[in-house]
Amino acid sequence: MTRPTPHVRADYPYHHPTPTRWADNDVYGHVNNVTYYAYFDTAVNAYLAARGALDLHAGSVIGLVVETGCAYFAPAAFPDALSVGVRVARVGTSSVRYELAVFRGADEAACAQGYFVHVYVDRATRRPTALPDALRAALEALRL
């Protein structure tokens, strides 16, 4: 397996400020690996909600994560101020592949980067559905 090279801030069109919390640290004194996935999810959903592309509580379409991955390059720890870069690698009929990177303070290189794939489904039936126009437009603004 080839280890990826850390991306830089300019590789991502949107950055979501993400402060660390005391509870993010694990017994080893750094942000626990699973916490990065929460950062990713928060950044994507905050972006979509702010653009009116996703109604988190009452919308008829919701995104379900079906695949994830993350590579770690350097530790982050409370009280680091982080930023999560978000970009879109692929948009399908009902799915999207987000690529994300976590940046510490003013560091230009990512301390972690990963991806996740959302399949958008009807909230009631949980069956895949075409991306609504507002969602597709918000995603296209993040395309590579």
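Where in the fold does P79 lie? P79 sits in the loop that runs between strand 2 (61–72) and strand 3 (81–91). Please keep in mind as you read on that this is a predicted model.

## Two backbone features to look at

That loop is worth a visit for its backbone: the peptide bond from F78 to P79 is cis, with omega near 10°.

A second spot to look at is R126, found in the loop between strand 5 (112–122) and helix 2 (133–140). R126 is not a glycine, yet its phi is positive, at about 60°. With a relative accessibility of 45%, R126 counts as partly exposed.

## Around S95

Now turn to strand 4 (residues 95–104), where you will find S95. S95 has a relative accessible area of 14% and is therefore buried. Beyond its neighbours within four places in sequence, S95 is in contact with R90, H118, V119 and L131. With R90 there is also a polar contact between the side chains, at 3.3 Å.

## The cysteines

How many disulfides does the model have? The count comes to zero. Taking C70, the closest cysteine sulfur belongs to C111 and lies 8.9 Å away, which is too far for a bond because a disulfide calls for sulfur atoms within 2.5 Å. C111 is likewise in no disulfide, its nearest cysteine sulfur being that of C70.

As for their surroundings, C70 is partly exposed, with a relative accessible area of 23%, whereas C111 is buried at 2% relative accessibility.

Note on methods:
Residues numbered from 1 in each chain as written. Predicted model: local features only at pLDDT ≥ 70, side-chain atom pairs only at ≥ 80, totals over all residues. Heavy atoms only, no water. Helix = DSSP H or I, 4+ residues; strand = E, 2+ residues; numbered from the N terminus. Buried < 20%, exposed > 50% of the residue type's maximum accessible area, 1.4 Å probe, protein only. Polar contact = N/O pair within 3.5 Å; in protein donor to acceptor, adjacent residues only side chain to side chain. Contact = heavy atoms within 4.5 Å.
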